Amino acid sequence: MATIYDVARRAKVSASTVSRVLNGKQSVDAILAERVREAARDLDYRPNALARSLRRSQTHLWAVLVSDINNPFFTALVRGVEDVAQRSRYSVVLCNSDENPDKEASYIAAILAEQIAGVIISPTNRSGHLRQLLDADVPIVAIDRKARGARVDTVTVDNTEAAELATNHLLSEGFVRIACITGPRDISTAEERLEGYRRALRAAGREYDPRQVRYADFREQGGYTAMAELLDHTPRPDAVFATNNLLTVGALECMVDRGVRVPDDVGVFGFDDVPSATLIRPPLSTITQPTYDIGRTAAELLLRRIADPSRPPTLSVLPTHLHVRASSLKRPRGTESRR
């Protein structure tokens with residue numbers, strides 16, 4: 001028996017386009033729509049009436065599409081989503097794009113085909129994927145990252161201010177050559193955190209040196225490779241600000257392998273708390289995001305969007321906290337924590 005994906009392959013369109021055509025949506029180009037109908041006729045495609053009826057009546061299932069399921073940042077965030085969903089009689093399906101736009105597109109096609117009631121997403125850099133959801137009137141909330149080219153409800157933190165505070169702390173400690181390891185150039189969080197780093201340097205009268213900046217994917221290996229390049233640079237940095245938790249871990253692993261002492265040789269400040277931050281020696285200075293509250297707020301916004309699809313998009317910016325520990329202190333003293 002032919003499936004919706006067989007029809008999509010024959011018509012050379014996405015499964016979501018097939019779904020929209022066969023469900024009578026008017027947002028598909030007329031030529032494409034006819035191609036889909038012709039492919040369905042050729043394959044003798046017969047949607048399962050019972051299954052389709054169940055999908056259409058399924059209004060109690062949300063998809064949470066995260067960019068990296070291995071990142072502990074998302075653990076508490078998803079719990080925040082789930083707690084709100086359960087109270088409102090929704091169930092949650094967790095999907096992992098793995099920072100891969102093609103994988104994200106595949107999940108979005110499945111979401112459209114299964115008539116998911118709403119989506120909470122940490123998007124990759126392909127705004128066209130979100131466009132498909134919007135065209136199909138699927139309620140969306142973006143988390144952690146801003147969605148380029150799509151006006152949707154968004155929950156994030158003030159990344160620029162947080163990065164500026166972390167860099168200011170390193171400057172106040174007397175570090176001179178402060179490097180920054182940030183994420184991909186086309187991800188909003190990476191851009192905003194790099195801007196906070198730049199802003200702190202400008203305010204302190206320091207020259208911004210692009211040779212002290214490394215771009216990497218938001219993974220441990222990216223942090224390791226970036227740190228290795230910085231250590232090979234002359235003069236090497238005496239401090240580093242890493243813009244997410246996995247980048248920080250990778251940078252620390254590199255320094256251990258190179259015999260670099262923290263903070264005696266290189267001070268370290270990370271973004272996103274690491275579960276073992278206080279167990280690492282020396283304890284790790286980090287910016288902490290309110291991950292549970294990000295998830296909770298996103299779920300509440302999704303409920304509001306489902307109830308009122310026409311209301312203007314909301315941007316919720318939650319506070320971060322600066323946790324100063326020994327990894328960024330030139331002069332040992334008691335552990336500090338500040339907002």
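**Helix α10 and the contact of α5 with α12**

In the predicted model, helix α10 comprises 13 residues (residues 220-232), for which a rise of 1.5 Å a residue gives an expected span of 18 Å; the end C-alpha atoms lie 19 Å apart, which agrees with that expectation. The buried residues of α10 are Gly222, Gly223, Ala226, Met227, Ala228, Leu230 and Leu231. An α-helix has 3.6 residues a turn, so residues three or four places apart point the same way. Among the elements that cover the buried residues of α10 are the strands β6 (178-182), β7 (213-215) and β8 (239-242), together with helix α11 (245-258).

A second region of interest involves helices α5 and α12. Two packed helices are described by the angle between their axes and the distance between the axes. The axes of α5 (residues 73-87) and α12 come within 6 Å and cross at roughly 35°, and the crossing is right-handed. On the α5 side, the contact is made by Phe73, Ala76, Leu77, Arg79, Gly80, Val81, Asp83 and Val84, while α12 contributes Thr291, Tyr292, Ile294, Gly295, Arg296, Ala299, Glu300 and Leu303. By residue class, this contact consists of nine nonpolar, three polar and four charged residues.

Thr291 belongs to helix α12 (residues 291-307). Its relative accessibility is 17%, and Thr291 therefore counts as buried, the cut-off being under 20%. When residues up to four places away in sequence are not counted, Thr291 touches Phe73, Ala76 and Leu77; these three residues are among those that α5 brings to its contact with α12.

How values were computed
Residues numbered from 1 in each chain as written. Predicted model: local features only at pLDDT ≥ 70, side-chain atom pairs only at ≥ 80, totals over all residues. Heavy atoms only, no water. Helix = DSSP H or I, 4+ residues; strand = E, 2+ residues; numbered from the N terminus. Expected span 1.5 Å × (residues − 1). Buried < 20%, exposed > 50% of the residue type's maximum accessible area, 1.4 Å probe, protein only. Contact = heavy atoms within 4.5 Å. Axes fitted to C-alpha atoms, helices over the stretch in contact; angles between N-to-C directions. Left-handed = near helix turned anticlockwise from the far one by under 90°. Nonpolar A, V, L, I, M, F, W, Y, C, P; charged D, E, K, R; others polar.
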